[in-house]
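Colleague: Before we discuss individual residues, may I ask how the terms in your description are justified? I should like each name to be set against its rule.

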Amino acid sequence: MRSSGSSSTTPADPTGAFADLLARVQACTVCAAQLPHPPRPILRVSPTARLLIVGQAPGRRVHETGIPWNDPSGDLLRQWLGMTREQFYDVSRIAIVPTGLCYPGTVNGSDLPPRPECAPLWHPPLRAAMPEIRLTLLIGAYAQAFYLGKRRGRTLADTVQAWRDFLPDFFPLPHPSPRNRGWLKQHPWFEAEVLPALRERVGALRAAGDNGGAHSQN
Ligand code: SF4
């Protein structure tokens, strides 16, 4: 989803501060010279969201559609979470903010890393503007590096296997990319032990919050 950058107010944003922040994000050109296309930040945020999903950066298809996780990786992530598309894209409850907001391009067929300028610039103010967030899913090494820093394990598998250590704020996950199917096969404890715990936590969050007044942008 692409933000509209509207400065209108809603019951959940009575001063318009949230909409103003969103407009500044949408107008960002900080690393435009390093991007393959004009900046197009892809995020879904609302002041009432309770779950925050932090992935890597938009791929080409997401850049073109403006809808995050609108690809096979998103299909597997929704399967992991036990969610329908409708539930997943309910921005009043679920915020989606990648580590890098704009498509960084590819090299030799592989996506480039998120732009390093982006997360330090935008995650702190966006996170501060969403005070109802109760759990943040850290999907992949870049999200885990930004939010966990030295608390990370030696490998991504070590970090994911130690998921209990990061609760109640964070839940680290591997990236659900089709390229990671080999990782999933090599680490069967992930599906057997981690996913049931993840579904339980996410389901409890969804059941607990019945919020309205979201800032939906598309
Ligand atoms: S990737 Fe982030 S820092 Fe760079 S232009 Fe997009 S929003 Fe701005």
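Modeller: Helices are DSSP runs of H or I with at least four residues, strands are runs of E with at least two, and both are numbered from the N terminus. The model is predicted. By that rule the chain has 9 helices and 6 strands.

Colleague: What makes you place Pro168 in a loop, and between which elements?

Modeller: Pro168 lies between α7 (156–161) and β6 (170–173), in the loop that links them. The peptide bond from Leu167 to Pro168 is cis, with omega near 5 degrees. Most peptide bonds, by contrast, are trans.

Colleague: Which size would a compact globule with 218 residues have, and what does the chain have?

Modeller: The expected radius of gyration is near 17 Å, and the chain has 17 Å, so the two agree. Along its principal axes, the C-alpha trace spans about 50 × 45 × 30 Å. Of the 218 residues, 50% count as buried. Among contacts with a separation of 6 or more, 73% join residues 24 or more positions apart.

Colleague: Why is the pair Arg78 and Asp75 called a salt bridge?

Modeller: The rule asks for a side-chain nitrogen of Lys or Arg within 4 Å of a carboxyl oxygen of Asp or Glu. The closest N and O atoms of Arg78 and Asp75 are 3.0 Å apart, and therefore the pair qualifies. Both residues belong to helix α3 (residues 72–81), where being 3 residues apart separates them by about one helical turn.

Colleague: How do you know whether Arg78 and Asp75 are buried or exposed?

Modeller: Buried means under 20% relative accessible area, exposed means over 50%, and partly exposed lies in between. Arg78 has 4%, so Arg78 is buried. Asp75 has 45%, so Asp75 is partly exposed.

Colleague: How many salt bridges does the rule give, and which others can you name?

Modeller: The count comes to 4 salt bridges. Among them is that of Glu117 and Arg115, with 2.8 Å from N to O. Glu117 has a relative accessible area of 27% and is partly exposed; Arg115, at 23%, is also partly exposed. Another joins Arg134 and Glu132 at 3.5 Å, N to O. Their relative accessible areas are 41% for Arg134 and 28% for Glu132, so each counts as partly exposed.

Colleague: How do you know that Asp13 has no salt bridge?

Modeller: The nearest side chain of opposite charge, that of Arg24, is 11 Å away, whereas the rule requires a distance within 4 Å. Asp13 is nevertheless buried, and lies in the segment before α1 (17–26).

Colleague: Which backbone atoms does the side chain of Asp13 reach, and what makes these pairs polar contacts?

Modeller: The side chain reaches the backbone nitrogen of Ala17 at 3.2 Å. A polar atom of the same side chain lies 3.0 Å from the backbone nitrogen of Ala19. The limit for a polar contact is 3.5 Å, so both distances satisfy it.

Colleague: What makes you say that the buried residues of helix α5 lie on the same side?

Modeller: In α5 (residues 118–128), the buried residues are Cys118, Ala119, Trp122, His123 and Leu126. They cover an arc of only 105 degrees around the axis, which puts them on the same side of α5. The elements that cover them include α1, β1 (51–54) and α6 (141–148).

Colleague: What makes the phi of Trp69 and of Asn108 worth noting?

Modeller: Most residues other than glycine have a negative phi. Trp69 is not a glycine, yet has a positive phi of about 60 degrees. Asn108 is not a glycine either, and its phi is positive at about 50 degrees.

Colleague: Where do Trp69 and Asn108 lie, and is each buried or exposed?

Modeller: Trp69 is in the loop between α2 (60–65) and α3. At 9% relative accessibility, Trp69 falls under the 20% limit and so counts as buried. Asn108 is in the loop between β3 (106–107) and β4 (110–111). With a relative accessible area of 80%, Asn108 is over the 50% limit and is therefore exposed.

Technical notes. Residues are numbered from 1 along each chain as its sequence is written. This is a predicted model: local features need pLDDT of at least 70, side-chain atom pairs count only at pLDDT 80 or more; totals for chains, interfaces and linings use all residues. Side-chain values use heavy atoms; hydrogens and water are left out. Buried means under 20% relative accessible area, exposed over 50%, partly exposed in between (1.4 Å probe, protein chains only). Lys and Arg count as positive and Asp and Glu as negative; His and the chain ends are not counted. A polar contact is a pair of N or O atoms within 3.5 Å; within protein, one must be able to donate a hydrogen and the other to accept it, and residues adjacent in sequence count only if both atoms are side-chain atoms. The arc is that of the directions from the helix axis to the C-beta atoms. Contact means heavy atoms within 4.5 Å. The radius of gyration is taken over C-alpha atoms; the globule rule is 2.2 Å times the number of residues to the power 0.38.
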